Amino acid sequence: MAFYEKKLSRQDIYDGYIIHVHKDEVELPDGNTSFREIVDHHGGVCIVAVDSDGGVFTVRQFRYAYGREITEIPAGKLEAGEDPLDCAARELSEETGCTAEKIESLGVIYPTPGYASEVIHIYLATGLKRGESHLDEDEFLEAKKIPFKDLERMVLTGEINDAKTVVGVMRAKYVLGL
């Protein structure tokens, strides 16, 4: 059986600055119909920035949706049509003040495939040079360097639950041979 759903109709619900929400009626593989509520998002990037001492740059910020501060790797949203690599370099500089000699892809993740179209591009940045951060005017965060082994422990023990950080750290560990 082919697992494919055909869109029959679409109802736009909300068009915001970051997301667009719509409800689609779909035909299922067996011919029946159902509805899918979808959040469209331009996607984002995240960066595992590892310095020559094995420290990883993280940020701590308040995340309104969860009502608390969380620790995560630097990240940001893509503008429509923006190259993910360019976005990664920009976000790394904005949030940590770092530039990197090398930025390589660690692939992508689909953080919430049940209802969102968001794709997050994960990068590994090495050969870091420190400078001054320059946050967006509505961005409040603290950049902090954490030893890779400590960050890995925080991921594995559930102290860090941010999906992009969990995946980024584990993929970076594999690529770096740690």
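Which exposed residues does the face of H2 turned away from its buried side carry? They are Lys149 and Leu156. This report starts from that helix and then moves through the rest of the predicted model.

## The chain as a whole

The chain holds three helices and ten strands. From the N terminus on, the elements run β-β-β-β-β-β-β-α-β-β-β-α-α. The C-alpha atoms fill a box of roughly 55 × 40 × 30 Å, taken along the principal axes. Of the 178 residues in the chain, 36% are buried. Contacts reach along the sequence too. Among those between residues at least 6 apart in sequence, 56% join residues at least 24 apart.

## Helix H2 and its two sides

Helix H2 spans residues 148-156. Its buried residues are Phe148, Leu151, Glu152, Met154 and Val155. They cover an arc of only 160° around the axis, so they sit on the same side of H2. A general rule of helix geometry helps here. An α-helix has 3.6 residues a turn, so residues three or four places apart point the same way.

What covers this buried side? The cover of the buried residues of H2 includes three strands and a helix: S4 (44-50), S5, S10 (141-147) and H3 (163-176). The opposite face carries the exposed residues Lys149 and Leu156. Just after H2 comes Gly158, with a positive phi of about 85°.

## Three residues, three settings

The table sets out three residues, each with its element and its relative accessibility.

| Residue | Element | Relative accessibility |
|---|---|---|
| Gly55 | S5 (residues 55-63) | 5%, buried |
| Glu94 | H1 (residues 84-96) | 8%, buried |
| Lys129 | S9 (residues 120-130) | 60%, exposed |

Take Gly55 to begin with. Gly55 counts as buried because its relative accessibility is 5%, and the cut-off for buried is under 20%. Setting aside residues up to four places away in sequence, Gly55 touches Ala49, Val50, Lys145, Ile146, Pro147 and Phe148. One of these, Phe148, is among the buried residues of H2. How far apart in space are Gly55 and Lys144, C-alpha to C-alpha? The distance is 9.4 Å, although 89 residues separate them in sequence.

Glu94 lies in helix H1. Its relative accessibility is 8%, so Glu94 counts as buried. With residues up to four places away in sequence left out, Glu94 touches Ser133, His134, Leu135, Asp136 and Glu139.

Is Lys129 buried or exposed? Lys129 counts as exposed, because its relative accessibility is 60%. This residue belongs to strand S9. Beyond its neighbours within four places in sequence, Lys129 is in contact with Gly97, Cys98 and Thr99. Lys23 lies 106 residues away from Lys129 along the chain. The C-alpha atoms of these two lysines are separated by 46 Å.

## The S1-S2-S3 sheet

Lys23 leads to a sheet. Strands of a sheet pair through backbone hydrogen bonds, either parallel or antiparallel. In this model, an open sheet of three strands has the order S1-S2-S3, and its pairing is antiparallel. Which strands stand at the edges? They are S1 (6-15) and S3 (33-41). Each has a single partner strand, so one side of each is left without a neighbour in the sheet. On average, neighbouring strands of this sheet are turned by 25° against each other, direction ignored.

Now the two pairings. S1 and S2 run antiparallel and are joined by eight bridges. They form a hairpin with three residues between them. Asp15 stands opposite His20 in S2.

S2 (residues 19-27) and S3 pair in the antiparallel sense over nine bridges. They form a hairpin as well, with five residues between them. In that turn, Gly31 has a positive phi of about 95°. Two facing positions can be named here. Asp24 stands opposite Arg36 in S3. Glu25 has Phe35 as its bridge partner in S3.

## Rings and charge

Phe35 has a further partner. The charged end of Lys23 sits over the ring of Phe35, 4.7 Å from its centre. How many aromatic pairs does the structure hold? The count is zero.

Conventions: Residues are numbered from 1 along each chain as its sequence is written. This is a predicted model: local features need pLDDT of at least 70, side-chain atom pairs count only at pLDDT 80 or more; totals for chains, interfaces and linings use all residues. Side-chain values use heavy atoms; hydrogens and water are left out. Helices (H or I, at least four residues) and strands (E, at least two) are DSSP runs, numbered from the N terminus. Buried means under 20% relative accessible area, exposed over 50%, partly exposed in between (1.4 Å probe, protein chains only). Contact means heavy atoms within 4.5 Å. The arc is that of the directions from the helix axis to the C-beta atoms. Two strands pair if DSSP finds at least two bridges between them. Axes are lines fitted to C-alpha atoms, for helices over the stretch in contact, and angles run from 0 to 180 degrees between N-to-C directions. Rings of Phe, Tyr and Trp (its six-membered ring) pair if their centres lie within 6.5 Å; planes under 30 degrees apart count as stacked, over 60 as edge-to-face and the rest as tilted. A charge sits over a ring if NZ of Lys or CZ of Arg is within 6 Å of the ring centre and within 35 degrees of the ring normal.
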